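These are my notebook entries on a structure that I looked up part by part. I begin with a strand and then turn to the other parts.

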Amino acid sequence: MPWRWNRHVQEAVAAYLFLLPFALSLLIFFGYAFVRTVYFSFTDYNLFESPSWVGLQNYLAIIQDNRFLLALRNSIAFSVIVTLAQTALALVLAVVMNNRLRGITVFRTAYYLPSVTSSVVITLMFIWMFQRTGVMNYLITAAIVYRPVILTFLGLTLAAQVLQVLWERWRGRPAGWFEASLLFVSLVLAAAGTGALWVAGVTEPVAGVEPVRIVWLNTRRTIPEGGGWWSIPLPLAAIMMLNTWTTAPTFMLLYLAGLQDIPKELYEAAEVDGANRWQRFRYITVPMLRPVTFLVMTLGLIGTLQMFDQVAVIGSAAPLESVITLAYYIYHNAFPAGAMPRIGMASAAAVVLGLLPLIAVLIQRRVVERK
Amino acid sequence: MRSARGWRLAGIRSALAAIVIACLATGPALAQTTVRVSGWGGTDVAIVEELLARFVRPVVEPQGIEVVYEPIADDFPTYLFNALSAGTAPDLFYVDIFWAESLMRAGQLEPLNDYLADSSVLSADDIIPELLDAFSLDGKIYGIPKDFNTLALFFNKDLFDLAGVPYPDENDDWNTLADKLRRVSALGPDIYGLALQPEFARMGALAFATGWEPFDEQGHTNLLDPRFVEAFSWYTGLAADGTGVHPEDVGQGWGGGALVTEQVAAAIEGAWLLGFLRDAAPNLPYGAVPLPRHPGTGQRGNLIFTVAWSMNSASQVKDEAFQVLEALTSPEAQQWVLERGLALPSRAELADNPYFQQPTPEAQANRIVFLGASDGFVRPFKFLDYGGSWLDPINAAINSVILGEQDAETALAAAQEQLDLLTGR
């Protein structure tokens, strides 16, 4: 009888065979590239002359390069703030989207759109919106011009709502302050009242307002102003908002999947015990989603530390120092405008960028495990 | 009956036969040499395609040279540096003056002196010397300039007429021009005299007019030199009193865009503006004059932007590639480029070309830009091999002063600090 592999070995071989295509491409395009990058980071190399060994010189050069330190500061700030913001936003969006409402799929699609749209396209639209003569400044100018009208409208709405609720309560009905039917009536009344006052000339748009020309992107201002090393450049803050808005919906999907796995019984039991909405969210939803949160934070950290495209597209629309991130610093050194490639320095920065998520995820695991 | 093996052999045999026949059929094609040519995309694609079809292929194809054109849509230098390093670069390619020096120093470009010496069609004396110098290093010529541009003052005649102000002319100096621009900008709150693109690629021409040099003998840059400060203050000062405007404030990304809004009376641009005006504002009555003279030196300054055809030093078909290069820069090809108003050719003899005597605004503007290359203090748009690292601090300073975020003194001090790190002090 011929020798035969036992089942166990057979299964293992099959598994490795299935893994082979991916493992090979990983080995060639990541493994090989990684080893080369580490090697280049210890050499002086400009793509043309053969690399010469310089030891740690590249690493010393980058930590003395002010631009590298700025990029590192920007990357870390970007990563921490955006990861936290997008995780929080994704969780809130997922909880809201998890409601069984009519037409909720329309909202799910709408909220997911920013994530499927090309980030290059979004960034371009974003640059146009935030130009000195863009939509953003136009809206602010409009708000200033129509301030009296807007204030009148809001004031009338508030007055009508308060009067209606008090009236209902006086009549013995338990009306809430935000009851939808009353609010609708108030809005209609306020709109009519504002229109009448406008026609009568009591409330009017402010005349002769200078158009607002805030520089959003092409600026060296920081938040907070004059905080030196600790303040965040305004253009970078703008990219943070943009990035949070475009990536949160992807993580919302992960949270939505996680929410489906939480047993309904837990909520029912908590309700019986008299837990309110916030308590149920805080003591059931959040702890039950912890594995998803770990995944979301890890993916978020990796993604944000490698952020490149939005800086590249903004390009000369903002000063380099105000938006440069590590990934862009690497590119900027590998292909500096009008100068020789500095592959050694770029590789050293790439190694640092590679280590950062590793450290971040290790710390994060420690924190999660301790809990 | 044949065995399965027999069938297989028969199959192989007939396949071999087919290959042999195919080889015989395409035999002459194998004897051909292929020269690969590359440049960037955009409007250049149509120009190069037509140049190849009209002037290059008819000359070189009878000699068995096939020309393959491979335009690169975006980020050409990155592509080229990678391709050169990987050994897959084309045989002939564009080299912009801005990044030429790195490639020359890295030995990636073939010195053309010997080819030029042997050529009966193309000689170094044919090319405008300022352009050839820009692509030369230590006596070696690394590229044949294909065309060039300088800066001129383009203005909207309507706005000057409306304001009753005489047009800018070639006798203007900084003061008289500023005065004219100021009077035009008085037309209204949304009308400006000059589009102030916040870049050394514009302001630099004014700095050169003062006699300022970008590098001293030791290779250091001094922005605190009173001459540079004067040019910087004149340019950014126009923004402070509302005579000039940041193009973004009229919703545009550059001076040419600002000019077609008809809110801005003038812009400092090169002949690349003409094609844009033809498309974007065909009815705009414009004129072009040389940049103003500096009142002290009485001279103009200017920047030369130029692109050359260079040869890959690792090319396997250098002689054939040079033949293609000859045809690409032949007098007939350059005359065609000039007459189509596509670019300013690099051959010196074309200065007396009848085209420049035509009364159209386009031909006149081309003449002004052509003459700009040899009038006063003219420097090529290259900064040793520092490239963007040298420009960035200066551009940042110009921008922040025009936006009113910093005063000239602070901005220049900050820029100088960065250049000290770069060029030493």
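Which residue in β10(B) is the bridge partner of B:Ala195? I looked this up in the model, which is a predicted one, and found that the partner is B:Ala267.

**Entry 1: the sheet of chain B**

I next noted how the strands β8 and β10 of chain B are paired. Strand β8 covers residues 192–195 and strand β10 covers residues 264–269, and the two pair in the parallel sense over three bridges. I recorded one other partner in β10(B): B:Tyr192 is bridged to B:Val264.

I then looked at β7(B), which runs antiparallel to β10(B) and is joined to it by four bridges. Here B:Phe154 stands opposite B:Ala267 of β10(B). I therefore entered B:Ala267 twice, because it is the bridge partner of B:Ala195 and also stands opposite B:Phe154.

I wrote down the whole order of the sheet as β9-β8-β10-β7-β11 in chain B. The sheet is open, has five strands and shows mixed pairing. Why is one side of β9 and of β11 left without a neighbour in the sheet? β9 (244–245) and β11 (286–289) of chain B stand at the edges and each has a single partner strand, so one side of each has no neighbour there.

Is β10(B) mostly covered or mostly open? I found that six of its six residues are buried, and I entered the strand as mostly covered.

I also noted a helix on this sheet. Helix α16 of chain B, residues 361–371, lies across β7 (152–156) and β11 of chain B. Helix α16 runs at about 20 degrees to β11(B).

**Entry 2: the domains of chain B**

Chain B is divided into domain 1, with residues 32–148 + 305–357, and domain 2, with residues 152–302 + 367–423. I noted 30 Å between the C-alpha centres of these two domains of chain B. In their contact, 18 residues of domain 1 of chain B meet 16 residues of domain 2 of chain B.

Which element gives the most to the domain 1 side of this contact in chain B? I found that α5(B) does, with seven residues. At least two residues each come from α5 (97–105), α7 (129–134) and β12 (301–311) of chain B. By class, I recorded 11 nonpolar, four polar and three charged residues on the side of domain 1 of chain B that touches domain 2 of chain B.

**Entry 3: chain A**

I turned to chain A, which is divided into domain 1 (58–131 + 225–370) and domain 2 (147–200). The centres of these two domains of chain A, taken over C-alpha atoms, are separated by 41 Å.

I then examined a pair of helices. Helix α3 (residues 66–97) and helix α12 (residues 290–305) of chain A pack at an angle of about 145 degrees, and their axes are 9 Å apart. I entered the crossing of α3(A) and α12(A) as right-handed. Among the residues that make the contact are A:Phe78 and A:Val82 of α3(A) and A:Val296 and A:Leu301 of α12(A). The contact of α3(A) with α12(A) has seven nonpolar, eight polar and no charged residues.

Last in this chain, I looked at helix α15 (residues 326–334) of chain A, which is largely enclosed by the rest of the structure because seven of its nine residues are buried. The buried residues of α15(A) include A:Tyr328, A:Tyr329 and A:His332.

**Entry 4: where the chains meet**

How many residues of chain A are in contact with chain B? I found 20 residues of chain A in contact with 22 residues of chain B. The side of chain A that touches chain B has 11 nonpolar, six polar and three charged residues.

Key. Residues numbered from 1 in each chain as written. Chains lettered and ligands numbered in written order. Predicted model: local features only at pLDDT ≥ 70, side-chain atom pairs only at ≥ 80, totals over all residues. Domains from an automatic or database assignment. Contact = placed C-beta atoms within 7 Å. Nonpolar A, V, L, I, M, F, W, Y, C, P; charged D, E, K, R; others polar. Buried ≥ 20, exposed ≤ 12 C-beta atoms within 10 Å, placed from the backbone. Pairing = 2+ DSSP bridges. Axes fitted to C-alpha atoms, helices over the stretch in contact; angles between N-to-C directions. Left-handed = near helix turned anticlockwise from the far one by under 90°.
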